[in-house]
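The following paragraphs lead through a protein chain, beginning with one pair of residues and widening from there to the whole. Please keep the sequence and the structure in view while reading.

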Amino acid sequence: MSTEIEKDIICPQCGESQKYRLYASINAKENPDLKRRILSETLFDWRCKRCNYFAAMAYSFLYTDPEANYIICVTPGGETRSVEPTQEIQSYTKRTVKNLAELKEKILIFDIGYDDVAVELVKSALCTIIARTYQVNRVHAYFSRINEGEMEFAIFLPRRQEPVYHSTKLEVYRQSQEVLRALDFVDPSGFTRVDSKLAKRILQEYQNTED
Ligand SMILES: [Zn+2]
C-alpha cells in the first residue's frame, strides 16, 4: 500500500501557502504513475501554483515492488533510518539509496532481474577505464539499459552536466557474477547500501584470495 501525506508549504518566492503531497511509502504495483515520476526523476519536483516558483524537495520514503520482491529505503539526508524488516518483506532484496537517481538505477537493474552487486563490480571496472581515458579522478556511473547485448551506462564526469554513455559486454557482468560465486557472497539480510564502496571491498577480497 502507498502512504500519502499532505503538508502545507509556503512558497519561498511569493509567500502563498499551499498543499504538497508527499509519500511515506510507494508501492510500484499500485502506483505505476509514481514509479514513472521516479524514473523521470521528477517525484520531488514542486512548482508554485501562483508564481510558478520551482523547487526540488527531498524526503525519505520506502519504495516497494511486491512482484519483483524488493524494497528500497530512500534517505536523501543520508540519515540511517533503521527500518526493521517485517515478516512480509523478509525474503525481499533490501537496499538503501540516497537519492532518486540511485533509486532509478536500482529499479532499472531489478526490473530486468539483474544482480545489483554484480552490476557494481562492472561499474567499478568501467569507471577505472573511463577515469584513465578522460584523465579525471572521479566518475559516477549509472546503469541505463541493455542495448544490443551490451550493458549501457550513463557516465557523469567532473564539471559536466550531461552524461556520456559507455557500454560493456555482458561477459563482464557474467565474470562479476563468477567473482561473487567464488567468494560465496551472500546478500546481507538488512537494508544494505550496494555502491562503489561495497564493490571495492569485494574486489579487494577477491584479489586477496587470488594471491
Ligand atoms: Zn509562489
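**From one residue pair to the whole chain**

In the strand pairing of β5 with β6, Y63 stands opposite I72 of β6. The model in which this pair is found is a predicted one. The two strands, β5 and β6, run antiparallel and are joined by 5 bridges. Y63 also has contacts beyond its partner across the strands: leaving aside residues up to four places away in sequence, Y63 touches I26, A28, I72, V74 and L103.

These contacts lead into the interior. The largest nonpolar core has 17 residues, and those that touch the most other members are Y63, I72, V74 and L103. At least two residues of this core are supplied by each of β5, β6 and α2, and the largest share, 5 residues, comes from β6. Separate from it is a second core, which has 15 residues and includes V117, V139, M151 and I202.

The strands β5 and β6 belong to an open sheet of 5 strands, whose order is β1-β2-β5-β6-β7 and whose pairing is mixed. At its edges are β1, residues 3-10, and β7, each of which pairs on one side only. On average, neighbouring strands of this sheet are turned by 25° against each other, direction ignored.

Helix α2 lies across β5, β6 and β7, and runs at about 155° to β7. What span should the 12 residues of helix α2 have at 1.5 Å a residue, and how far apart are its end C-alpha atoms? The helix, residues 100-111, should span 16 Å, because each residue is counted at 1.5 Å, and the distance between its end C-alpha atoms is 16 Å, which agrees with that expectation. The buried residues of α2 are L100, L103, K104, E105, K106, I107 and I109, a list that includes charged side chains, K104, E105 and K106, as well as nonpolar ones such as L103. A general point about helices helps in reading such a list: an α-helix has 3.6 residues a turn, so residues three or four places apart point the same way. The buried residues of α2 pack against α1 (32-39), β5 (61-65), β6 (70-74), β7 (93-97), α3 (116-134) and β8. After the helix comes G113, which has a positive phi, near 75°.

The partners of α2 raise the matter of how the chain is divided. The domain assignment gives domain 1, residues 3-111, and domain 2, residues 116-210. The C-alpha centres of domain 1 and domain 2 lie 25 Å apart, and where the domains meet, 13 residues of domain 1 are in contact with 11 residues of domain 2. On the side of domain 1 that touches domain 2, β7 and α2 each supply at least two residues, and α2 gives the most, with 6 residues.

A further sheet, also open, is formed by 3 strands in the order β8-β9-β10, with antiparallel pairing. Its edge strands are β8 and β10, each of which pairs on one side only, and the twist from one strand to the next averages 30°. Strand β8, residues 140-147, is joined to β9 by 7 bridges, the two strands running antiparallel, and within this pairing I146 stands opposite M151 of β9. The hairpin of β8 and β9 has 2 residues between the strands, and there E148 takes a positive phi near 50°. On the other side, 6 bridges join β9 to strand β10, residues 164-169, again in an antiparallel arrangement, and the bridge partner of E150 in β10 is K169.

Which side chains of β9 point to the buried face, and which to the other? Along this strand, residues 150-156, the side chains alternate: M151, F153 and I155 point to one face and are buried, whereas E150, E152, A154 and F156 point to the other and are not buried. M151, one of the buried residues of β9, is also among the members of the second core.

Seen as a whole, the protein chain has 5 helices and 10 strands, and its C-alpha atoms fill a box of roughly 65 × 45 × 30 Å along the principal axes. Of its 211 residues, 21% are buried. Among the contacts with a separation of 6 or more, 49% are between residues 24 or more positions apart.

Note on methods: Residues are numbered from 1 along each chain as its sequence is written. This is a predicted model: local features need pLDDT of at least 70, side-chain atom pairs count only at pLDDT 80 or more; totals for chains, interfaces and linings use all residues. A residue is buried if 20 or more other C-beta atoms lie within 10 Å of its own, exposed if 12 or fewer, and partly exposed in between; C-beta atoms are placed from the backbone. Helices (H or I, at least four residues) and strands (E, at least two) are DSSP runs, numbered from the N terminus. Two strands pair if DSSP finds at least two bridges between them. The expected span of a helix is 1.5 Å times one less than its number of residues. Two residues are in contact if their C-beta atoms, placed from the backbone, lie within 7 Å. A nonpolar core is a set of buried Ala, Val, Leu, Ile, Met, Phe, Trp, Tyr and Cys residues joined through C-beta atoms within 7 Å. Axes are lines fitted to C-alpha atoms, for helices over the stretch in contact, and angles run from 0 to 180 degrees between N-to-C directions. Domain bounds come from an automatic or database domain assignment.
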